[in-house]
Amino acid sequence: MKTVSESRSFGGVQGVYSHDSAACGVPMTFAVYLPPQASRGPVPCLWYLSGLTCTHENAMTKAGLQAHAAEFGLALVFPDTSPRGEGVANDAAYDLGQGAGFYVNATEAPWAPHFRMEDYIVQELRDLVMATFPVTDLHGITGHSMGGHGALTLAMRHPELYRTLSAFAPIAHPTASTWGRKQLGAYLGPDETQWQEHDAALLLAARGWKGEMLVDQGLGDQFLDLLKPEALATALATTRTAGTLRLQAGYDHSYNFVATFARDHVAWHAERLKD
């Protein structure tokens, strides 16, 4: 692992790092924020998965999470959204290929050799973070848009790894959305039964979730019809999951929305990640 940069931030350290990824077959960059409490011993860890076109840097610089993580004593991990670089498949559209990994393990050409984002997040990067930084094995996960989709689906697919789960404006029902059908078809092939394993609303209905769930959705979101929060609300109700879906009047899909409710989410995770 190489250190790209480290800076003091709210009494802690915001770092950016790179490493050669076995899962993705290329170098990957990620960011970790360590709060001041980490200087005294390991702290719980909150993962933030970003949305379409983002890198590790977007949320790191725009979401304002570090101040809240310092207040509540959580480490933050900001992974990239896809493999990148020469030899990595890409598409001219912003919503497929580099910057749009959808947090799945691709099985179809030309994506399969590098687009193994599920394995990267839940295995390789998790192991690297735990081996390198002062964090405990108490982890929560959140994310925005495509990253909200990733947070919900990865937590429900790997409930043993995550104690807490939240999301900001997630793509909640991708098998019924053009933000999903296109990408899942490209990465996983035409068999739609394979797609269902990466659809938050369908996963919740089929598997449930072991704990509570917090989701914020702006009602002024310009992509609301693509996100389909009503499908997630139905699944929460039918499974009687202890979830809170807050519909926020006037808020759009931007990082202004995320930053507004970021403290609520960090505090919510921190309370539930206590020993």
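How much space lies in the largest pocket? In this predicted model, the largest pocket holds about 190 Å³ of space. Its lining is made up of 13 residues, and among these G51, L52, T53, S145 and H253 lie nearest the centre of the pocket. Sorted by character, the residues of this lining divide into six that are nonpolar, six that are polar and one that is charged.

From the pocket we can turn to the backbone. Most residues other than glycine have a negative phi, and most peptide bonds are trans. Against that background, the peptide bond that leads from A109 to P110 is cis, its omega lying near 0°. P110 itself is placed in the loop that runs between the strand β5 (75–78) and the helix α3 (117–132).

Two residues deserve a look for their phi angles. A169, although it is not a glycine, has a positive phi of about 45°, and this residue lies in the loop between β7 (164–168) and α5 (178–188). A169 counts as buried because its relative accessible area is 0%, where buried means under 20%.

R240 is likewise not a glycine and has a positive phi, in this case of about 55°. The place of R240 is in the loop that links α9 (229–239) and β9 (243–248). Is R240 buried or exposed? With a relative accessible area of 79%, R240 is exposed, since that term applies to values over 50%. The two positive phi angles thus belong to a buried residue in the case of A169 and to an exposed residue in the case of R240.

Technical notes:
Residues numbered from 1 in each chain as written. Predicted model: local features only at pLDDT ≥ 70, side-chain atom pairs only at ≥ 80, totals over all residues. Heavy atoms only, no water. 1 Å grid on protein atoms, 1.4 Å probe; cavity = no way out; pocket = protein on both sides within 12 Å on 5 of 7 lines; lining within 4 Å. Points joined across faces, edges and corners; volume = space filled by probe spheres on them. Nonpolar A, V, L, I, M, F, W, Y, C, P; charged D, E, K, R; others polar. Helix = DSSP H or I, 4+ residues; strand = E, 2+ residues; numbered from the N terminus. Buried < 20%, exposed > 50% of the residue type's maximum accessible area, 1.4 Å probe, protein only.
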